[in-house]
Amino acid sequence: MITASAAGRVNLIGDHTDYMGGLVLPMAIDLATTVTAVAGGDRIELSSAMDHDSISIALPADDPAGVSPPWGRYIAAVAAELGARTGLRGAVTSTLPIGAGLSSSAALEVASALALGAADGNPAPGNTAEAVELARSCQRAEHAAVGVPSGIMDQLSICAGREGHATLIDCSSLHLEQIELPPGAAIWVIHSGSSRTLVGSAYAERRRTAERAAELVGPLPGADPDRIEALEDPVLRRRARHVRSECDRVRQFADALAADDLVAAGALMCQSHTSLRDDYEVSTPSLDQLVRELLATPGVFGARLTGAGFGGCVVALAEPGADLRPSAPGADTAWRVSPARGTHLHLS
Ligand code: ADP
Ligand code: MG
């Protein structure tokens, strides 16, 4: 019997920087997806409480596009990436909200990769290099499964996630630094109530635009701010300005956490939201409103949209005593999350 769990993640700061080779600071959280299965045979047969239809995938897996129900595409793509040979029979369960921006998709990929790896006799990643390799496989699987050219942050923050820490990732070198969260820092994730509809197409468009800017001024994380401000096209200029300034904020935020300066960290989160709203133009009126309300709540140091934007969640940094559950009945949903280890693999 294999029990393989992978956490969700929340990005504390650094959005729309990963695919440009910039800095991000996500943390694996104490909500997770678990694959519980018996190894054997040559099919992956899994049920999920999320969907009454089960998946049945023949190994070796090939093109995930034809797999139904669609959540099986993630698992077929992972199996194809890993060259999985041994089947699984069991169930997927999760304490993560699905489709809310806490990366249930990457949690599903990583949990199934651990389970399929174990079925073929492979241990869980034992060091950073192996964590990076597993994350890369799962990132490629996500591309193959849904066709969105997302960066490596989700998978890597889960594969490398350590209890009590957020992970500073340099997405160009994949250098990792574990940053301890001070005991006085409480992290909340609050859903804005609007789902992330346009995310696929708008995400790909933002990425293409940022890449055009980088062709003109060089890699954006280290680009000369004067050259960015001299860009003729105002849209390219704003997009490049966000990526450049956001990478600086990630570094400053990590330093603020290390110095236990939560006021400074909170201010950087607010600047990040403004930059995502005005320069990258990925916020929405409901995300902006939620950030304003949170900033007016006692005990809140800072808040920002987290993830790709266009709906989804806000992350807030608050005092441990603050209660950020929304008061309006039936409105948003909120989770107080703690930094957790990202993966668990148990064989019995
Ligand atoms: P997020 O990663 O932010 O939660 P995504 O849209 O990227 O949102 O991924 C959500 C998709 O991942 C679901 O629509 C489903 O296909 C798949 N998924 C995630 N968790 C599960 C689960 N426990 N069971 C089945 N499918 C899941
Ligand atoms: Mg996802």
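Visitor: Which oxygen contact with ligand 1 involves a backbone N or O atom of Gly99, and how far apart are the two atoms?

Guide: A backbone N or O atom of Gly99 and an oxygen atom of ligand 1 are 2.8 Å apart. Keep in mind that this is a predicted model. A pair of N or O atoms counts as a polar contact within 3.5 Å, so this pair qualifies. Two other residues have a place here. A polar backbone atom of Gly101 is 2.9 Å from an oxygen atom of ligand 1. For Ser105 it is an N or O atom of the side chain that lies 3.0 Å from an oxygen atom of the ligand.

Visitor: How much of the area of ligand 1 does the protein bury?

Guide: Ligand 1 exposes 560 Å² when taken alone, and the protein buries 82% of that. The ligand sits in the largest pocket.

Visitor: Which elements give two or more residues to the shell around ligand 1?

Guide: They are helix H1 (71–82), strand E5 (88–94) and helix H2 (104–119). H2 gives the most, with 3 residues. In total 16 residues surround the ligand, and Ser48 and Ser104 are among the closest. By class, the shell has 8 nonpolar, 7 polar and 1 charged residues.

Visitor: Now the backbone. What is the general idea behind phi and peptide bonds?

Guide: Most residues other than glycine have a negative phi, and most peptide bonds are trans.

Visitor: Where is the peptide bond cis?

Guide: A cis bond joins Leu59 and Pro60, with omega about 0°. The bond from Ser68 to Pro69 is also cis, with omega near -5°. Pro60 lies in the loop between strand E4 (51–58) and H1, and Pro69 is found in the loop between E4 and H1 as well.

Visitor: What sign does phi have at His16 and at Phe310, positive or negative?

Guide: Positive: about 60° at His16 and about 55° at Phe310. Neither residue is a glycine. His16 is in the loop between E1 and strand E2 (23–39), while Phe310 is in the loop between strand E9 (300–306) and strand E10 (313–318).

Visitor: Why does Phe310 count as buried?

Guide: Buried means under 20% relative accessible area, and Phe310 counts as buried because its value is 12%. His16, at 4%, is buried too.

Visitor: Is Arg239 buried or exposed?

Guide: Arg239 is buried, because its relative accessible area is 5%. The residue is in helix H7 (residues 234–258). A polar atom of the Arg239 side chain lies 2.8 Å from the backbone oxygen of Asp279.

Conventions: Residues numbered from 1 in each chain as written. Chains lettered and ligands numbered in written order. Predicted model: local features only at pLDDT ≥ 70, side-chain atom pairs only at ≥ 80, totals over all residues. Heavy atoms only, no water. Near = heavy atom within 4 Å. Polar contact = N/O pair within 3.5 Å; in protein donor to acceptor, adjacent residues only side chain to side chain. Areas by Shrake-Rupley, 256 points an atom, 1.4 Å probe, with all protein chains shown as cover. 1 Å grid on protein atoms, 1.4 Å probe; cavity = no way out; pocket = protein on both sides within 12 Å on 5 of 7 lines; lining within 4 Å. Sits in = over half its atoms within 2 Å of the grid points. Helix = DSSP H or I, 4+ residues; strand = E, 2+ residues; numbered from the N terminus. Nonpolar A, V, L, I, M, F, W, Y, C, P; charged D, E, K, R; others polar. Buried < 20%, exposed > 50% of the residue type's maximum accessible area, 1.4 Å probe, protein only.
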